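Here's a quick walk through how the pieces of this fold sit against each other. Have the structure open and follow along.

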Amino acid sequence: MKPSFDTLLTARSLKSLAGAAVYQRGEGYFESGLVSGLRRINNRLKAVVTGTDAYQVTLGTDLGTDLGTELRADTQRLEFDCSCPMGEQGDCCKHVVATGLTWLAQQGKAISSGKLIPDNTRRLNDYLMQQSKETLSAWLLQQCEQDPALQQELEGRAALSSSAPEIGELKQLVRNALPGKSFVPYQRMREVLRQANTIVSLVEELLNDGQPAVAAELVDFGMRRGIAAYTSMDDSSGSFGEFLQELSQWHLRAYVQAGTACPLTGKRFFKLKQIDEWGYFQLEEYVSLLSDKEYKQYKKLVQAEWDKVPAVTPAATRISSRISSSGHFWIAALMQELAGHEKDVNAMVEIKRRDLSVPYRFLEIAQVLQHAGRDDEALSWAEQGIQFFPDS
């Protein structure tokens, strides 16, 4: 029988994953109370740990299957992921340790040598259980005035408490969770990220509650709003970009689970691709969700946009500059993605020859043809590039 998450997560297993030195630093983070937003969803813990920056931590079992990413695991399948530099290299960091120890303390479990660290959380829980609902509600509302992320999370839970949550209300929560059009300086990014993470929680809970169609529509809306906000912020740490990457994984999962209850249309996918400068929506990942009819619709929309792009000769560098700034590279990338999916070498060549204003384009065409085994044509294009750009 496969061991459960509760069995696998112990102080000993954390120390084994991290090593003594990293484990000791993680203990310091735990004791300093630097773990926030800790929550458990099925066999996973998610938290934010404040260090040099606010790092996103996931700790649990079968994360590779669950999140679609390759994560390092010990032989017992206790797995982890952290957005810090050490975590991005696949190593267990102090933030992961702090997250695990915080959870163990909240459950009243032994942290080291069979000895319990004084469990303030348990004592606080006992105290809160003695208070009236009115008192607790008043305290929470007062705290919400000082903590927008907490208010956002509670409003989300309230909206999801209905058996049929209103999509309009959920979309308003997404609007509230993300900044508007005004520029967001780096100093505010931690606050922005805390609120944005509540969107992930909404989508997760909708999927866990068997409402994938609602989740798909909501996460689609969230990605649009999130990408729009991303263009007006100083995300020097890359944390918001990582948030959007995680949200895009939930976007794909939601549409997979929704199936015909919320089908992906060619028009909707095209609109997503129009705003996607970072590759969140890869055709190869989504093509199975598009019916033949919707795939043709998507291709038609891309082709119509591509038809607006004028052909450019090797001498027309000024024109090339103008069409490049008007979106030539964006729509060319979509056309190349389609040609690559269909393995259409001729289409790929035609796309690249639309703009011959730089010598590199001749090299690209020659490489495409050479890879396809069409060496004579590849040689011809290479020679043309030399002829038009003899000094390059």
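## Where α9 meets α11

Bear in mind that this is a predicted model. On the α9 side, P148, A149, L150, Q152, E153, G156, R157 and L160 touch R194, Q195, T198, L202, E205 and L206 of α11. It's a mixed bag chemically: the residues in this α9–α11 contact split into six nonpolar, four polar and four charged.

As for geometry, α9 covers residues 148-160 and α11 covers residues 189-208, and their axes come within 9 Å and cross at roughly 20°. An angle under 35 degrees counts as roughly parallel, so that's the label for α9 and α11. The crossing of these two helices is right-handed.

## The four-stranded sheet

Next up is an open sheet, with four strands in the order β1-β2-β3-β4 and antiparallel pairing. Which strands stand at the edges? They're β1 (35-41) and β4 (78-82); each has a single partner strand, so one side of each has no neighbour in the sheet. On average, and ignoring direction, neighbouring strands here are turned by 15° against each other.

Going strand by strand, β1 pairs antiparallel with β2 (residues 44-50) over five bridges, and V35 has V49 in β2 as its bridge partner. Then β2 and β3 pair, again antiparallel, over seven bridges, with R44 standing opposite G60 in β3. A hairpin of three residues links β2 to β3. Finally, β3 and β4 make an antiparallel pair over five bridges, where L59 sits opposite F80 in β4.

## What covers the sheet

How much of β3 is buried? Mostly covered is the short version: seven of its eight residues are buried.

Helix α11 turns up again here. It lies across β1, β2 and β3 (54-61), and runs at about 10° to β1. Besides its contact with those strands, α11 also meets α9 through residues such as L202 and L206.

## Where α2 meets α6

The other helix pair to look at is α2 (residues 11-18) with α6 (residues 94-106), packed at an angle of about 180° with axes 10 Å apart. Angles over 145 degrees count as roughly antiparallel, so α2 and α6 fall in that class.

The contact is built from A11, L14 and A18 in α2 plus V96, V97, G100, L101 and L104 in α6. Its residues come out as seven nonpolar, one polar and no charged.

Definitions and conventions:
Residues numbered from 1 in each chain as written. Predicted model: local features only at pLDDT ≥ 70, side-chain atom pairs only at ≥ 80, totals over all residues. Heavy atoms only, no water. Axes fitted to C-alpha atoms, helices over the stretch in contact; angles between N-to-C directions. Parallel < 35°, antiparallel > 145°, perpendicular 65-115°, else oblique. Left-handed = near helix turned anticlockwise from the far one by under 90°. Contact = heavy atoms within 4.5 Å. Nonpolar A, V, L, I, M, F, W, Y, C, P; charged D, E, K, R; others polar. Pairing = 2+ DSSP bridges. Buried < 20%, exposed > 50% of the residue type's maximum accessible area, 1.4 Å probe, protein only.
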